[in-house]
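Please read the following report beside the sequence and the model. It moves from charged pairs to helices, cysteines, aromatic rings and the surface.

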Amino acid sequence: MSMSNVMSWVRSHVLAVVTVLCVVLGCAILAAGFQPTNVHYTVELTQPLGASGKVVFRFEENKNIPNAAEQSATVEDNGSKASIWIDPLNARSGTMTVSIAGNGQTRISHLVADVRSNGMHLWNVDAVDGGDFVQQTEGDAVTASLSQDRLQELQRAARFRSEDKVVLLALLLFAYVACALKLTVLRDVQLRYYVAGMVAIVAVVALAVYRCNTLPDYSLGGYSYKLLIAGILMVALLAILVNCAAGRPRCPAGVKLLVCLIDYVGVGAYVIMQFLIYLKYYINGHSFDEAAHLSYIAYENVHNELLPSFENISIYSQWNDFNGVMSLNEPMQFNQLGHPPLYYLIMSHMPGISSNGVDTVYYHMMWLRCESFALGFAGLCLAFYLGLTRIPHIPILHLTYALMIIAPANLVLTMTGLNNDTLAILTVTVFVWGCIRFFERRYNWGTFLLIAVGITATLLTKLTAGMVVGFTAVLIVAYTLIVDRNGKALLRKEFFVTIPIYCVAAAYYVMLLVRYRTIQPSFQKFDPSGYYQSVFYVAMDKRYSMMVAGYPEYFADQFVRSWYALVYPANVDRAGLSFMSFEAVAVAAVLLLPLVVLLVRQKDRFGRFLTLGLAGTWLVILYQWYSAQKGFMTNGYTGGFQSRYYLCVVSLFAFAIVWLVLRWFAVRSDDPVEPKDGGALLRAASLTDAGTMAVAVFAFLLVYDGYLSSFLFHMSEISS
């Protein structure tokens with residue numbers, strides 16, 4: 001066979017050649033011995049050492065550094081074990097003697113050699129039985145010597161199971177997988193984009209490995225949380241790979257749709273897993289105003305008022321009673337919430353809470369938390385449905401969209417406790433659904449009913465969310481009449497029939513205004529003395545001093561921070577973290593990147609909807625800043641900056657980023673627009689190579705910066 005034929009065969013069977021070369025190199029690495037690294041010798045003793053006990057390992061003397069031949073062991077487990085981190089100078093010593101100073105009766109039961117890093121056990125190297133030692137008593141000490149043959153066997157095992165070998169094999173495996181992917185499922189991706197994407201993902205993995213290596217041990221239900229972190233990252237990498245492969249133009253449409261469905265199911269399961277961990281290990285004492293929310297629910301369970309008597313609602317002293325019994329006759333302090341009653345009426349009729357109809361409420365906190373979570377989870381499922389039916393079936397884009405929705409640090413935590421934000425996630429997403437249909441020119445009963453129900457239910461759930469949908473609705477009406485000049489889209493019977501739905505919310509706020517002369521009952525109005533003794537008012541001698549011009553910077557920093565970071569206990573220090581930090585930038589981008597949509601001049605109809613929705617949201621954020629600054633300057637209150645109030649519009653933020661990705665990286669499709677798309681989003685058959693790699697890296701960063709960075713990496717600190 002000529003050399004040209006050989007080279008031709010190699011070029012046509014590159015993967016086979018690479019596989020053979022990697023197998024041969026891997027076998028060579030396996031067979032070779034390497035310098036032992038991070039090897040520890042631990043002797044287990046037949047009986048514990050006394051307080052004055054001491055264990056010393058002595059090796060063959062090194063002429064250049066004679067002091068290195070003797071290593072004092074660290075006594076562990078109340079004197080029953082002693083271990084050393086063996087000096088590499090002693091790794092090939094011809095002799096080893098262990099001296100046990102104590103009562104003259106403590107002997108070696110057996111010796112274990114293992115590899116450890118930063119105090120974490122990685123794997124065992126070898127074990128030596130106590131019978132292999134020659135143990136002699138000399139006064140109050142026992143001297144144990146290991147034969148030269150057994151010592152050499154132990155040293156060979158350490159070289160064969162060296163940490164360097166594992167690292168080399170891991171690098172070889174990664175190189176092989178990277179080559180195999182480029183030669184098979186990702187062969188259409190340009191090499192420069194493929195390399196850039198792989199380097200970025202490897203950097204994130206390396207950072208995760210480093211972070212895990214520095215974490216202390218902690219158990220989640222008998223399993224190390226480090227294993228959970230590693231498992232999440234492995235599943236994320238596999239999911240990204242499958243999504244990139246399924247996004248190829250030649251992939252059948254049915255396969256793409258199936259992968260998209262699996263993405264949403266998988267992300268939904270990930271949310272449930274987070275919920276269960278929060279529920280068991282963290283939520284107690286860390287939910288936002290859960291005492292006030294539960295007390296409000298208990299009040300409604302007894303009184304069932306559409307317009308509550310806010311002046312009579314308190315936080316009751318038994319809100320965290322172990323037996324789940326609360327007396328409305330034992331107020332602890334005024335209930336500062338003043339929220340509309342829809343969430344509390346719904347929760348007050350859920351299984352898990354009942355009353356004697358007069359003044360005593362019986363509740364099951366776990367049941368109520370699960371039911372409250374279900375409301376928010378229904379909103380997430382609806383957002384997933386909107387993504388599945390509106391975004392072109394490019395799998396990696398759907399995976400990233402779903403991850404963006406669940407990425408904010410406080411989203412699942414808020415859903416885990418009792419909080420009206422959970423219902424707002426559902427009601428605002430219903431409103432977004434109706435608006436998308438409106439911009440798809442589906443001017444039918446369903447569209448106007450969704451909008452009416454979304455607006456009304458949101459206004460009866462939370463005023464901040466109600467302002468978002470209200471401002472957005474006003475902007476959409478103004479756009480339709482003035483810019484689009486399409487009054488017929490609004491002045492139709494389908495809209496007029498839904499007017500009675502709006503009247504429910506209007507009636508609530510009119511009655512509120514008549515009774516209290518305000519649409520937001522306040523703590524300060526109903527309980528002035530309690531207000532001035534609460535955290536909402538700070539005495540002048542204890543206030544922070546801040547210039548008027550300096551407050552916007554403070555508000556912006558805290559506002560964005562509360563999006564990418566949990567509100568931690570005092571013992572968890574993340575003071576140096578900023579929105580540009582590697583562990584926060586992806587989650588912060590979900591909040592900030594949609595602002596780019598406002599700067600894009602030429603837009604399709606969906607882009608115009610996003611502009612109006614984002615404008616309505618940021619108008620409310622600006623009002624929140626004004627209100628928070630006024631509260632700080634007047635009352636010294638440094639709070640009021642929570643961005644979790646806008647978790648309800650996270651689907652809008654995610655759609656905005658998807659729209660930008662399609663605008664920048666879409667490979668256009670000449671296929672006719674499908675009816676379910678309605679021409680709302682940009683049409684695309686796939687993403688460019690650069691777009692695919694950029695979205696894949698962003699998706700992996702969302703996994704790392706989200707639940708892992710904000711919570712799991714700090715599990716041991718938080719739990720302590």
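R369 counts as buried, at 3% relative accessibility, where buried means under 20% relative accessible area, exposed means over 50%, and partly exposed covers what lies in between, with a 1.4 Å probe and protein chains only. The side chain of R369 meets that of E290 in a salt bridge, at 2.8 Å from N to O, a salt bridge being a side-chain nitrogen of Lys or Arg within 4 Å of a carboxyl oxygen of Asp or Glu. Because R369 lies in helix α10 (residues 365-390) and E290 in helix α8, the pair ties together parts that are 79 residues apart in sequence. E290 is buried as well, with a relative accessible area of 4%. The helices named here (H or I, at least four residues) and the strands (E, at least two) are DSSP runs, numbered from the N terminus.

This is a predicted model, in which local features need pLDDT of at least 70 and side-chain atom pairs count only at pLDDT 80 or more, while totals for chains, interfaces and linings use all residues. Residues are numbered from 1 along each chain as its sequence is written, and side-chain values use heavy atoms, with hydrogens and water left out.

**Salt bridges**

Side chains of opposite charge can pair when their charged atoms come close. The structure holds 14 salt bridges, and three of them are set out below.

| Salt bridge | Closest N to O |
|---|---|
| R369 and E290 | 2.8 Å |
| R492 and E494 | 3.4 Å |
| R150 and D132 | 3.6 Å |

In the last row, R150 lies in helix α3 (residues 148-160) and D132 in the loop between β8 (120-129) and β9 (133-138), so the pair ties together parts that are 18 residues apart in sequence. R150 is buried, with a relative accessible area of 12%, whereas D132 counts as partly exposed at 36% relative accessibility. In the pair of R492 and E494, R492 is partly exposed, with a relative accessible area of 25%, and E494 counts as buried at 11% relative accessibility. Salt bridges that share partners also join D126, D132, R150 and E153 into one network.

**Two enclosed helices**

Helix α8 (residues 290-303), which carries E290, has 14 residues that should span 20 Å at 1.5 Å a residue, and its end C-alpha atoms are indeed 20 Å apart; the expected span is 1.5 Å times one less than the number of residues. Of the 14 residues of α8, 13 are buried, so the helix is largely enclosed by the rest of the structure. After α8 comes N304, whose phi is positive, near 50°.

Helix α11 (residues 395-406) has twelve residues and reaches 17 Å from its first C-alpha to its last, close to the 16 Å expected. Twelve of the twelve residues of α11 are buried, so α11 too is largely enclosed by the rest of the structure. Among these buried residues are P395, H398, Y401 and M404.

**Cysteines**

How many disulfides does the structure hold? The count is zero, a disulfide being a pair of cysteine sulfur atoms within 2.5 Å. The sulfur of C251 is 9.8 Å from the closest cysteine sulfur, in C260, which is too far for a bond. C251 counts as buried at 13% relative accessibility, and C260 is buried with a relative accessible area of 0%.

**Aromatic pairs**

Rings of Phe, Tyr and Trp (its six-membered ring) pair if their centres lie within 6.5 Å, with planes under 30 degrees apart counted as stacked, over 60 as edge-to-face and the rest as tilted. By this rule there are 42 aromatic pairs. In one of them, the rings of Y278 and F711 have their centres 4.7 Å apart and their planes at 65°, so the pair is edge-to-face. This pair links distant parts of the chain, with Y278 in helix α7 (residues 253-281) and F711 in the loop between α25 (689-710) and α26 (715-719), 433 residues apart. Y278 counts as buried at 1% relative accessibility, and F711 is buried with a relative accessible area of 0%.

**A nonpolar surface patch**

F471, L619, L622, Y623, W625 and Y626 make a nonpolar surface patch of about 580 Å². Patches are made of residues with over 30% relative accessible area and no salt bridge, like charges being joined within 9 Å and nonpolar side chains (Val, Leu, Ile, Met, Phe, Trp, Tyr) within 5 Å, and accessible areas come from the Shrake-Rupley method with a 1.4 Å probe, where for residues only the protein chains shown count as cover. Helix α23 (residues 605-635) gives the most to the patch, with five residues. Y623 lies in α23 and is partly exposed, with a relative accessible area of 44%.
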